[in-house]
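Visitor: I am new to this structure and would love a close look at one part of it. Could you take me through the salt bridges, step by step?

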Amino acid sequence: IQDVCLQDLPVVFAVDRAGLVGEDGPTHHGNFDLTYLTMIPRMVVMAPSDEEELKLMLEFALTDNFGPIAIRYPRGSSPGGIPRGPKIELGKARVLRVGKDGCVLAIGYGTHQSVAAAQLLSAQGIELTVVDARFAKPLDEQLYLNLAERHGSIVTVEENTLLGGFGAAVSLLVERFPKRPRLRCLGLPDRFVEHGSRETLLEEVTLSASRLAEEFRQFFSESRR
């Protein structure tokens, strides 16, 4: 805060081991970084969905002087399958798929899980819009408000504590909307998550593709009643 952010210096923080890191356990899980980074004034906070996005974000951070920037990324590799994104623009998200039955705003690795969940639901005739937020701060406010108006219901997904995280920031944003949409925030619980394989832990905290698909199906079905 005092050495970088108060002085608005162009320092890039590369924050690894974001989210659940598996067998390394609760001493190494990155459950809280979106929360403590976004609360600092002047800090730009990005979270890539895969390796290609990480490269784009590093290029953006090193070539554009916006002051302090944090990029939080997970341990290991991503499963791939998400198209390479356009050039990074400050505070701009990207829409990965468009559907009529609901909208999912995801950040970081949660983007992959959300796309996979949306594909599972597509086989059941439920078509969801999925957005890769890219930025936890600043938010793509105009896009999110447009999506809120269009869909009326939004789910956020993040591998971060729900306390003060990405979903909490979206919640504060949509409070300003004249007709506030229904909002469901999915993320990590307010406790220390034990060690285990990533697959096991994601299933346990309802962030696996199959568990997300069920959460999406139930939430958006209730929204249409």
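Guide: Happy to! A salt bridge here is a side-chain nitrogen of Lys or Arg within 4 Å of a carboxyl oxygen of Asp or Glu. Please keep in mind that this is a predicted model. A search of the whole structure turns up 16 salt bridges, and we can visit some of them.

Let us begin in helix 7, which covers residues 209–223. E214 pairs with R217, and their closest N and O atoms are 2.6 Å apart. Both residues belong to helix 7, with their positions 3 residues apart, about one turn of the helix. How open is this pair to the surroundings? Buried means under 20% relative accessible area and exposed means over 50%, with partly exposed in between. E214 has a relative accessibility of 37%, so it counts as partly exposed. R217 is partly exposed too, because its relative accessible area is 29%.

Stay with helix 7 for the next stop. E222, also in this helix, reaches a partner in another element: R182, which lies in strand 9 (residues 182–188), so the two tie together parts that are 40 residues apart in sequence. Their side chains meet in a salt bridge with an N to O distance of 3.7 Å. R182 is partly exposed because its relative accessible area is 34%, and E222 is partly exposed because its value is 32%.

Now move to helix 1, made of residues 33–38. D33 forms a salt bridge with R72, and the closest N and O atoms of this pair are 2.6 Å apart. This pair also links distant parts of the chain, since R72 sits in strand 3 (residues 69–72) and D33 in helix 1, 39 residues apart. Is this pair buried or exposed? Both R72 and D33 are buried, which means that each has under 20% relative accessible area.

While you are at helix 1, look at Y36, which is found there as well. Y36 is partly exposed, with a relative accessible area of 41%. Together with F32, M39 and F192, Y36 makes a nonpolar surface patch of about 480 Å². So helix 1 holds D33, a buried salt-bridge partner, and also Y36, a member of that nonpolar patch.

One last stop takes us beyond single pairs: E53, R94, D132 and R134 are linked in a network of salt bridges.

Technical notes:
Residues are numbered from 1 along each chain as its sequence is written. This is a predicted model: local features need pLDDT of at least 70, side-chain atom pairs count only at pLDDT 80 or more; totals for chains, interfaces and linings use all residues. Side-chain values use heavy atoms; hydrogens and water are left out. Patches are made of residues with over 30% relative accessible area and no salt bridge: like charges are joined within 9 Å, nonpolar side chains (Val, Leu, Ile, Met, Phe, Trp, Tyr) within 5 Å. Accessible areas come from the Shrake-Rupley method with a 1.4 Å probe; for residues, only the protein chains shown count as cover. Helices (H or I, at least four residues) and strands (E, at least two) are DSSP runs, numbered from the N terminus. Buried means under 20% relative accessible area, exposed over 50%, partly exposed in between (1.4 Å probe, protein chains only).
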